[in-house]
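Hi everyone, thanks for coming. I'd like to walk you through a structure today, so have a look at it while I talk.

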Amino acid sequence: MIEFASLFSGSSGNALYIEYKDTRLLIDAGVSGIRIEKAMASINKDPSLLDGILVTHEHSDHCQSIGILNRRFNIPIYINKGTWKNVEHCVGRVNEAYMNFFHSNEEFTVKDFIVHPFSIPHDASDPVGFSFFADNKKITTATDIGHMNKNLLKNLEKSDLLLLECNHDLTMLENGSYPYPLKKRIKSDYGHLCNNHTGDTILKLVQNGQRRFLLGHLSRENNYPELAFKTVSNYLTDNGYSVGKDIELDVVLRDVTSQIYYI
Ligand SMILES: [Zn+2]
Ligand SMILES: [Zn+2]
């Protein structure tokens, strides 16, 4: 059985945890090392046992403490070269032996997991989402998505658990206090996914047989958990699906570590 938890998810910092058999991975480390350690302790997980930190892209809400965790616990870093060249200057000293460079859209193995890093449209150098394959299951995490496209949708399909970005409510963003250039960036094809696009995507996946979803990377200013949940679940109930019965849908929060999901 695979274990999955969101330690932190949102525009203020991201770190996800996945475990199968003897393999324990962190996806991103976008809050302080201390906060990650505390969050892991709260679900009885030990950071010194991590086998890797996988990095999606260079924005600081995803990579703030990768250097600190690497040095404190000797954790290998898995990253592509495009992301690395943009974070190297702020990560600090990392022993080369701990660096593992993957190529986007090419599978690699970390002990018991096969990992598929797939490209996402976002304003970073070479951003990715990840699918994890183990125990005949597929777990996928995909956030920081400017827009949905065919290729990306294909990578989300047939996941036994999908954590998908549900960043903002468009009306809140448009009427909110963000300066115009920032609003424009978020709405752009290389910004973030709004609640409606997430709902539409999840409906397509449900119609294709998928059942378990987590909504993540919610904006602090332009969204709130109840609204994200309601917007997405409306897409499903309007099409005859019963959320909580046919479909498992949950929101993972910015500052609260989730339960452990068993897949
Ligand atoms: Zn982000
Ligand atoms: Zn980003």
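I'll begin with the metal site, then turn to two backbone spots in loops, and finish with the cysteines. Please keep in mind that this is a predicted model.

So, the metals. What coordinates the zinc ion that is ligand 1? Asp-61 and Asp-144 each donate through OD, and His-62 and His-217 each donate through NE2, at 2.1 to 2.2 Å. If you trace those donors along the chain, their spacing reads D-H-x81-D-x72-H. Asp-61 sits in helix 2, residues 60–63, while His-217 is in the loop between strand 12 (212–216) and helix 9 (225–237). That pair is 156 residues apart, so the zinc site links distant parts of the chain.

How buried or exposed are those two residues? Asp-61 has a relative accessible area of 12%, so Asp-61 is buried. His-217 is buried as well, with a relative accessible area of 1%.

Now the geometry. The angles among the 4 donor atoms of ligand 1 run from 93 to 163 degrees, and the site is irregular. Why isn't it called tetrahedral? Because tetrahedral would need all angles to lie between 85 and 135 degrees, and the range here reaches 163 degrees.

There is a second zinc ion too, ligand 2, and the two zinc ions are 3.5 Å apart. Which residue coordinates both? That is Asp-144.

On to the backbone. Asn-105 has a phi near 70 degrees, which is a positive value in a residue other than glycine. You'll find Asn-105 in the loop between strand 6 (99–101) and strand 7 (108–110). Asn-105 is partly exposed, at 42% relative accessible area.

Lys-158 is another one to look at: its phi is positive, about 60 degrees, although Lys-158 is not a glycine. Lys-158 is placed in the loop between helix 5 (150–156) and strand 11 (161–165). With 65% relative accessibility, Lys-158 counts as exposed.

Last stop, the cysteines. How many disulfides does the structure hold? The count is 0. Take Cys-166: its nearest cysteine sulfur belongs to Cys-194, 8.3 Å away, and Cys-166 is in no disulfide. A disulfide would need the two sulfur atoms within 2.5 Å. Cys-194 is likewise in no disulfide, and its nearest cysteine sulfur is that of Cys-166. As for accessibility, Cys-166 counts as buried at 0%, and Cys-194 counts as buried at 6%.

That's my tour, and I'm happy to take questions.

Terms used. Residues are numbered from 1 along each chain as its sequence is written. Chains are lettered from A and ligands numbered from 1 in the order in which they are written. This is a predicted model: local features need pLDDT of at least 70, side-chain atom pairs count only at pLDDT 80 or more; totals for chains, interfaces and linings use all residues. Side-chain values use heavy atoms; hydrogens and water are left out. Donors are N, O and S atoms within 2.8 Å of the metal (3.2 Å for Na, K and Ca); water is not among the atoms, so sites may look incomplete. Four donors count as tetrahedral if all angles lie between 85 and 135 degrees; four count as square planar and six as octahedral if opposite donors are over 155 degrees apart and all others between 65 and 115; anything else is irregular. Helices (H or I, at least four residues) and strands (E, at least two) are DSSP runs, numbered from the N terminus. Buried means under 20% relative accessible area, exposed over 50%, partly exposed in between (1.4 Å probe, protein chains only).
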